[in-house]
2 protein chains.
Amino acid sequence: MDGYLEIAKNTVVGMLKAGNKAEQYLNGTLKPFDISLQQFNVLRILRGRKGKAANLNTVQQRMIHKMSNTSRLIDKLIEKKLVEREICPDNRRKIEIFITNRGLNLLDDLDNKIQMTEAEILKPLSIDDQKILRNLINKITLNN
Amino acid sequence: MDGYLEIAKNTVVGMLKAGNKAEQYLNGTLKPFDISLQQFNVLRILRGRKGKAANLNTVQQRMIHKMSNTSRLIDKLIEKKLVEREICPDNRRKIEIFITNRGLNLLDDLDNKIQMTEAEILKPLSIDDQKILRNLINKITLNN
DNA sequence: TTTATATATTTGTGTATACAATATTTGTAT
DNA sequence: ATACAAATATTGTATACACAAATATATAAA
């Protein structure tokens, strides 16, 4: 294997490892709150809509993990009373999902802790390196 | 949220997305061969040992995904006759795992396809950018 | 030698995930 | 209107996974 392919391989393996490490750390932070990273991200997506409803399709498109089963993930959040689901009156195929006050409060509690975890993950990098890394990664995930 | 924290957040989210994208692509390439990314990586680890045995502990440490259940993953590879397992004679607690010829042949078949997938994932980056990305990521995953 | 402790792997079990199949509603063409 | 296709979400099902508990072996201590 020549140099070019070797670099590509190492880069991709590194991406996998880095993503996995971030996931481990974040899940560790979330675990005491009995919530998974995917659930947390859905909550953040809903908070970002600032009261506006989101239908399942929209949520799915913005999710980090493109899992095929957002329905059941939402079910779990509903069980915990962190979100609510209604049938969209305009189009009864769709559903509308809202974050509850309880969900918002949970995110408030988590924000600091997640920030600390993010800082921990990126600790080996200077702020300038972080910017470079973010820009390179953004190029890769542009269409996702 | 101020700039610093925003950068960290975006960087971490980007890492998650990039890792996920890479995983999706690689799994897509592997799927026709009825093998998962984790199984593929174990096979590559074993090939890297060049005939030397690896015990389960060693494999687990080198795996990209630090799952707790390497036993059953090995079981799957044994079912497919891609690896073999023996009890270590020196220390009967340990097992020794080898890749079979069939496993090596499968890796041969896959090498080109995986390289093409890696190139596809990294297509948006120049080779210099790939090096920079790899170096930054390596700093993050140094202890993993 | 017996007991305790550490190491290495396997197994049990509940949950998560991927993928396909199935409703249900809407839009479109005949 | 009726039939057909598309969009949207849910459910079935097999597999994968995380985590803890159990098993088996080895090492150390009393």
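In the predicted model, B:Thr141 is found in the segment after α6 of chain B. B:Thr141 is buried, with a relative accessible area of 8%. What does B:Thr141 touch, not counting residues up to four places away in sequence? The partners are A:Gly14, A:Lys17 and A:Ala18.

The helix that precedes this segment is α6 of chain B, residues 127-140. Helix α6(B) has 14 residues. From first C-alpha to last it reaches 20 Å, close to the 20 Å expected at 1.5 Å a residue. Its buried residues are B:Asp129, B:Gln130, B:Leu133, B:Arg134, B:Leu136, B:Ile137 and B:Ile140. These residues pack against elements of both chains. From chain A come α1 (3-30), α5 (101-122) and α6 (127-140). From chain B come α1 (3-30) and α5 (101-122).

B:Ala8 lies in helix α1 of chain B. B:Ala8 is buried, with a relative accessible area of 3%. Leaving aside neighbours within four places in sequence, B:Ala8 is in contact with A:Glu118, A:Leu122 and A:Gln130. B:Ala8 and B:Leu43 are 35 residues apart along the chain, and their C-alpha atoms are separated by 35 Å.

B:Leu43 belongs to helix α2(B), where it is one of the buried residues. Helix α2 of chain B covers residues 37-48. At 1.5 Å a residue, its twelve residues should span 16 Å. The end C-alpha atoms are 16 Å apart, which agrees. Why is α2(B) described as largely enclosed by the rest of the structure? Nine of its twelve residues are buried, so the description follows. Those buried are B:Leu37, B:Gln39, B:Phe40, B:Asn41, B:Val42, B:Leu43, B:Arg44, B:Ile45 and B:Leu46. Just after α2(B), B:Lys50 takes a positive phi of about 50°.

The largest nonpolar core has 80 residues. Those with the most contacts inside it are A:Met15, A:Leu43, A:Leu133, B:Met15, B:Leu43 and B:Leu133. Beyond its neighbours within four places in sequence, A:Leu43 is in contact with A:Ile35, A:Leu77, A:Leu82, A:Val83, A:Ile99, A:Leu106 and A:Leu107.

Chain A has six helices and two strands. Along the sequence they follow the pattern α-α-α-α-β-β-α-α. Taken along the principal axes, the C-alpha atoms of chain A fill a box of roughly 60 × 30 × 25 Å. Of its 144 residues, 46% count as buried. Among contacts in chain A with a separation of 6 or more, 51% come from residues 24 or more positions apart.

Next come the two DNA strands. Around DNA strand C there are 20 residues. A:Gln38, A:Lys76, A:Arg93, B:Ser71 and B:Arg72 come nearest. Of the strand C atoms within 4 Å of the protein, 64% belong to sugar or phosphate and the rest to bases. By class, the surface near DNA strand C has three nonpolar, eight polar and nine charged residues. An N or O atom in the side chain of A:Lys76 is 2.5 Å from a phosphate oxygen of DNA strand C. For B:Lys31, a side-chain N or O atom is 3.2 Å from a phosphate oxygen of this strand. A:Arg92 places a backbone N or O atom 3.2 Å from a phosphate oxygen of DNA strand C. Which elements give two or more residues to the surface near DNA strand C? They are α4 of chain A together with α3 (56-62) and α4 of chain B.

DNA strand D is surrounded by 20 residues. The closest are A:Ser71, A:Arg72, B:Gln38, B:Lys76 and B:Arg93. Sugar and phosphate account for 63% of the strand D atoms that come within 4 Å of the protein. The surface near DNA strand D holds three nonpolar, eight polar and nine charged residues. A side-chain N or O atom of A:Arg85 is 3.1 Å from a phosphate oxygen of DNA strand D. B:Arg92 has a backbone N or O atom 3.2 Å from a phosphate oxygen of DNA strand D. A base is also approached: a polar side-chain atom of B:Arg72 lies 3.3 Å from a base nitrogen of DNA strand D. Two or more residues each come from α3 (56-62) and α4 (70-79) of chain A, together with α4 (70-79) of chain B, at the surface near DNA strand D.

Notes. Residues numbered from 1 in each chain as written. Chains lettered and ligands numbered in written order. Predicted model: local features only at pLDDT ≥ 70, side-chain atom pairs only at ≥ 80, totals over all residues. Heavy atoms only, no water. Near = heavy atom within 4 Å. Polar contact = N/O pair within 3.5 Å; in protein donor to acceptor, adjacent residues only side chain to side chain. Helix = DSSP H or I, 4+ residues; strand = E, 2+ residues; numbered from the N terminus. Nonpolar A, V, L, I, M, F, W, Y, C, P; charged D, E, K, R; others polar. Core = buried A, V, L, I, M, F, W, Y, C linked by side-chain atoms within 4.5 Å. Buried < 20%, exposed > 50% of the residue type's maximum accessible area, 1.4 Å probe, protein only. Contact = heavy atoms within 4.5 Å. Expected span 1.5 Å × (residues − 1).
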